[in-house]
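Here is a short run of questions about how contacts and exposure are assigned in a predicted model. Each reply sets a value against its cut-off.

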Amino acid sequence: MTWRRGAVALAILASVGVTDARSPQGLSAEASARRPAYFVRSLDNPRERREARADILDTQVLPGSIVKAVALVAALEDGVIRDTTSHMCRRTVTVDGQTFVCAHPDLKRPLSPAEALAYSCNDFFVSLAPRLSRDTLNRTRLAAGLAPIAAGTALAPAL
């Protein structure tokens, strides 16, 4: 897989369920409620965007895993990882006195970057911090419409 700047800045999926892409208008109320919400923004033109389920997207939540998608794009674009990279989750990791615990199931095998994002694997993203350039991460954050991480702020908790 080749990652190309400008393809997709950020795609955030919310809600769990099966989407029937063939006929979204013909879905029952229950099936419609399970349709994923997403927001896609172009890196080339930040005004270009697509979204579905504004009712979900407009609900305020803590940013948490949203920034993991941005960190993943930065790491892939910078060559820190590849789509074939794998990482064995340690389940709990402590960095600079802060402990990060993974809540996803223990798959007992290494995770790919896509799986780490899907499972919101804290260990995977904490392991990126020492290898990821702050400048690269901040450029990607700015392109996605997020504020840069201030100098002096530890990267691991910010991912």
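Q: Why is Asp-123 called buried?
A: The relative accessibility of Asp-123 is 1%. Buried means under 20%, so Asp-123 counts as buried.

Q: What makes the contact of Asp-123 and Arg-90 a salt bridge?
A: The two side chains meet at 2.6 Å, N to O. The rule asks for a side-chain nitrogen of Lys or Arg within 4 Å of a carboxyl oxygen of Asp or Glu. The value of 2.6 Å meets that limit, so the pair is a salt bridge. The pair links distant parts of the chain, 33 residues apart. Asp-123 sits in helix α5 (residues 122-128), and Arg-90 in the loop between α3 (66-78) and β4 (92-95).

Q: Is Arg-90 buried, partly exposed or exposed, and why?
A: Arg-90 has a relative accessible area of 47%. Partly exposed lies between the 20% and 50% limits, so Arg-90 is partly exposed.

Q: How do you know that Lys-108 and Asp-106 form a salt bridge?
A: Their side chains meet at 3.5 Å, N to O. The cut-off is 4 Å, so this pair qualifies.

Q: Why do Lys-108 and Asp-106 get their exposure labels?
A: Lys-108 has a relative accessible area of 64%. Exposed means over 50%, so Lys-108 is exposed. Asp-106 stands at 43%. That falls between the two limits, so Asp-106 counts as partly exposed.

Q: What makes Arg-109 and Glu-115 a salt bridge?
A: The closest N and O atoms are 2.8 Å apart. That is within 4 Å, so the pair is a salt bridge. Arg-109 is partly exposed at 36%, and Glu-115 is partly exposed at 24%.

Q: How many salt bridges does a search of the whole structure find?
A: The search finds 3 salt bridges.

Q: How many disulfides are there by the rule?
A: The count comes to 0 disulfides. For Cys-89, the nearest cysteine sulfur is that of Cys-102, 3.5 Å away. A disulfide needs two cysteine sulfur atoms within 2.5 Å, so Cys-89 is in no disulfide. For Cys-121, the nearest cysteine sulfur is that of Cys-89, 3.6 Å away. That too fails the 2.5 Å limit, so Cys-121 is in no disulfide.

Q: Why do Cys-89 and Cys-121 count as buried?
A: Cys-89 has 12% relative accessibility, and Cys-121 has 0%. The limit for buried is under 20%, so Cys-89 counts as buried, and so does Cys-121.

Conventions:
Residues numbered from 1 in each chain as written. Predicted model: local features only at pLDDT ≥ 70, side-chain atom pairs only at ≥ 80, totals over all residues. Heavy atoms only, no water. Helix = DSSP H or I, 4+ residues; strand = E, 2+ residues; numbered from the N terminus. Buried < 20%, exposed > 50% of the residue type's maximum accessible area, 1.4 Å probe, protein only.
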